[in-house]
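Here is a short note to help you find your way around a structure you have not met before. Have the view open beside you and follow the points in order.

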Amino acid sequence: MWEYTDKVKEHFMNPLNVGEIENAEGTGDVGSLACGDALKLTLKIVDDIIVDAQFKTFGCASAIASSSALTEMVKGLPVDEAAKITNEDIAQFLGGLPKEKMHCSVMGREALEAAIANYKGVPLRVAEGDVVCECFGVTDLEVKRAIQESNLHTVEEVTNFTKAGGGCGKCHDRLQELIDEVQKDSTAKIIPMKGPKRMTTLQKIKMIEEVLEREIRPVLKKDGGDIELVDVDGDYVLVSLRGACGSCAKSQTTLKEYVEKKLREQVIDTLIVEEDK
Amino acid sequence: MTNIIYMDNNATTRVAPEVVDVMMPYFSEQYGNPSSMHNFGGKVMSAVSEARDKIAALLGADADEIVFTSCGTESDSTALLSALKSNPDKRHIVTTRVEHPAIKNLAENLRSLTGHKYRVTQLSVASDGTLDLDEYEKALDDETAIVSIMWANNETGVIFPIEKMCKMAKDRDILFHTDAVQAVGKIPINLKEIPIDFLSLSGHKLHAPKGIGVLYVRRGTPFAPFMIGGHQEHGRRGGTENVASIVGLGKACELAAAHMAEENDQVRKLRDKLEKNLLESVPNAILNGHKNDRLPNTSNISFEYVEGESILLHMDAFGICASSGSACTSGSLEPSHVLRAMGVPFTAAHGSIRFSLSIYNTEEEVDFVIEKIPAIIENLRAMSPFWQDREK
């Protein structure tokens, strides 16, 4: 059984904006029956503003939830603002997706891009490039983009995000080459920016709060403890341990081995968690 | 909590209450080691022997042909590796494309990890999941060390002609193994009449607990142990016996032997009612697997143009438990290897649902499922971009 967040379950059981807008200004059709998921996104656009969005999806719970989330996110946005939405934003809107299901959020981003390209009457960028994974028809450009955007390091991660390599496995060597290529370029570029992801402090605080709420607090509460976020300064995350945790001799271990590890996994891997005393 | 309607018995079964009862003393007062010299341990050894007799009786085997293992997978690995060890000059394995991963992945690993020292023939299946005996005949050759063919398929319930296939292998002096995990307890098996060398079974598929399996090894068949250690199981499987589970499996086999005919009748009736109604009330619903050569409890139905995980999760909201062969439920990205081997088109493979019943299911439960499924499929189809366009 997958561990879906409540938000994913909510958007799956009661999806919003199901349907197809007639004479839509922008239509994005991605995926296929063979691949196991497909999404048709239709947008009603007036004066460069997306006033309505509807979807039809064939796929699993996370594909349906990602589609529902996407339509909610873009409604009311100017087209150029909507174009900035990434798959990570969609996953974040849903409180996270299991890593094996990240490709569902990528499908959402691809459908959005296709719909906007259709509206603007320009060809799609990702349709170009050479097919790397023949099982799922994924091109090198798509793979490279996912590696860059989501900072992927292993073939398994690339498969989770793009499906490439999830079939016969023949392309695994080529995928590794693409990872090496992109990561070599990006380390050169990214080091001066401190950390692999560009994120505003506000975004960072929001994500840290979400992880605390969703994963960390429930675990601490089981032992009669609690945790509060005090401040975020660059990579320094200042927290205060409450309840049983405050007086627990093992609180430092909890902080480093558990809280910091979780936050590094889910937010940015350079975070340093300190206790506010 | 919603009531659970459990129709996933090919995944695992409820431990029968009678089985739980006989197991309990071996978690508390009867904690002796069956290998001990004292009478306290000796009493436990008697319980293990008694269980061994009951299991042998269900299979038409002798007690000394029963080797306890930890699960079906261990039994499978033991059988295959033993056959290869005792036939060092033969490097060919014959199996099918629709085996459980316990055999399929083992055979494929033997091929790739040994740098193709072993040759593996995986027999194909027809669109109804049945094997072609001519293809099988041609696959057997002088290099074949062992044939491993499941008795019944876990996904479709299709039963293979094991008696014939075993005879064909034995005529050429080839060892024959069958993974009978889904068959034991569901259909009659008599090893007195079929010269099978190795047979695997798993306790938790027949209302015994998880963590106990059996490998039947025919007397006289060369054997090399997989777990090497103490003298337990006459040196065929080291490790202190899982006494409580062995006693439980004995009871489960006794129950299966006593009630198989009537239970099969009851389960088959419920399965047929469920299947008939779903196929009639849901358009574009297709049965996967041969209609007759099939376990009485299994029904694998594809609902075209919708995806299995979504169906399962909506069923789950009503407490209905089943499985799917869709890609999304497996953690891999491709639908079930069984359905693909059968050539089930992607439109149907992704939307396949396996219902597997047991004696604990009731007619009310079947009626409830018949009532709920059509609306679930209809809702998901209304959301599917392919449903409306299917005519095009």
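How are α6(A) and α7(A) oriented to each other? Please keep in mind that what you are looking at is a predicted model.

1. **Two helices of chain A.** Start with helix α6 (residues 140-150) and helix α7 (residues 155-162) of chain A, whose axes are 10 Å apart and meet at an angle of about 105°. Angles of 65 to 115 degrees count as roughly perpendicular, and α6(A) and α7(A) are therefore roughly perpendicular to each other. On the α6(A) side the contact uses A:E142, A:V143, A:A146, A:I147 and A:S150, while α7(A) brings A:V158, A:F161 and A:T162. Sorted by kind, the residues of this contact are five nonpolar, two polar and one charged.

2. **The loop between them.** If you follow chain A from α6 to α7, you pass through a loop that holds A:N151. This residue is worth a look, since A:N151 is not a glycine and still has a positive phi of about 50°.

3. **A link from α6(A) to α8(A).** Helix α6 of chain A also takes part in a salt bridge: A:K144 pairs with A:E181, with the closest N and O atoms 3.0 Å apart. A:K144 sits in helix α6 of chain A and A:E181 in helix α8 (residues 172-190) of chain A, so this pair ties together parts that are 37 residues apart in sequence. Over all chains, the structure holds 42 salt bridges.

4. **Where the chains meet.** Now turn to the interface, where 33 residues of chain A are in contact with 24 residues of chain B. About 2,200 Å² is buried between chain A and chain B, and carbon and sulfur atoms give 70% of that area. Within chain A, the residues that lose the most area to chain B are A:L33, A:K56 and A:F58, which together make up 27% of what that side buries.

5. **A salt bridge across the interface.** How many salt bridges join chain A and chain B? The count is one. You will find it between B:E309 and A:K101, where the closest N and O atoms are 2.6 Å apart.

6. **Helices α8 and α12 of chain B.** Helix α8 (residues 308-317) of chain B packs on helix α12 (residues 363-383) of chain B at an angle of about 135°, the axes being 10 Å apart. That angle makes α8(B) oblique to α12(B). The crossing of these two helices is right-handed. From α8(B), the residues B:S310, B:I311, B:H314 and B:M315 meet B:I373, B:I376, B:I377 and B:L380 of α12(B). This contact has six nonpolar residues, two polar ones and no charged ones.

7. **Helices α7 and α12 of chain B.** Helix α12(B) also packs with α7(B), here at an angle of about 15° and with the axes 10 Å apart. The two helices α7(B) and α12(B) are therefore roughly parallel to each other. Their crossing is right-handed. B:L270, B:K273, B:L274, B:N277, B:L278 and B:S281 make the contact from α7(B), and B:E363, B:V366, B:D367, B:V369, B:I370, B:I373 and B:P374 make it from α12(B). In this contact there are eight nonpolar, two polar and three charged residues.

8. **The loop after α7(B).** To finish, look just past this helix: B:N284 lies in the loop between α7 (243-281) and β9 (285-288) of chain B. Like an entry earlier in this note, B:N284 has a positive phi, here of about 55°, although it is not a glycine.

Definitions and conventions. Residues numbered from 1 in each chain as written. Chains lettered and ligands numbered in written order. Predicted model: local features only at pLDDT ≥ 70, side-chain atom pairs only at ≥ 80, totals over all residues. Heavy atoms only, no water. Axes fitted to C-alpha atoms, helices over the stretch in contact; angles between N-to-C directions. Helix = DSSP H or I, 4+ residues; strand = E, 2+ residues; numbered from the N terminus. Parallel < 35°, antiparallel > 145°, perpendicular 65-115°, else oblique. Left-handed = near helix turned anticlockwise from the far one by under 90°. Contact = heavy atoms within 4.5 Å. Nonpolar A, V, L, I, M, F, W, Y, C, P; charged D, E, K, R; others polar. Buried area = accessible area lost by both parts, 1.4 Å probe. Salt bridge = Lys/Arg side-chain N within 4 Å of Asp/Glu carboxyl O.
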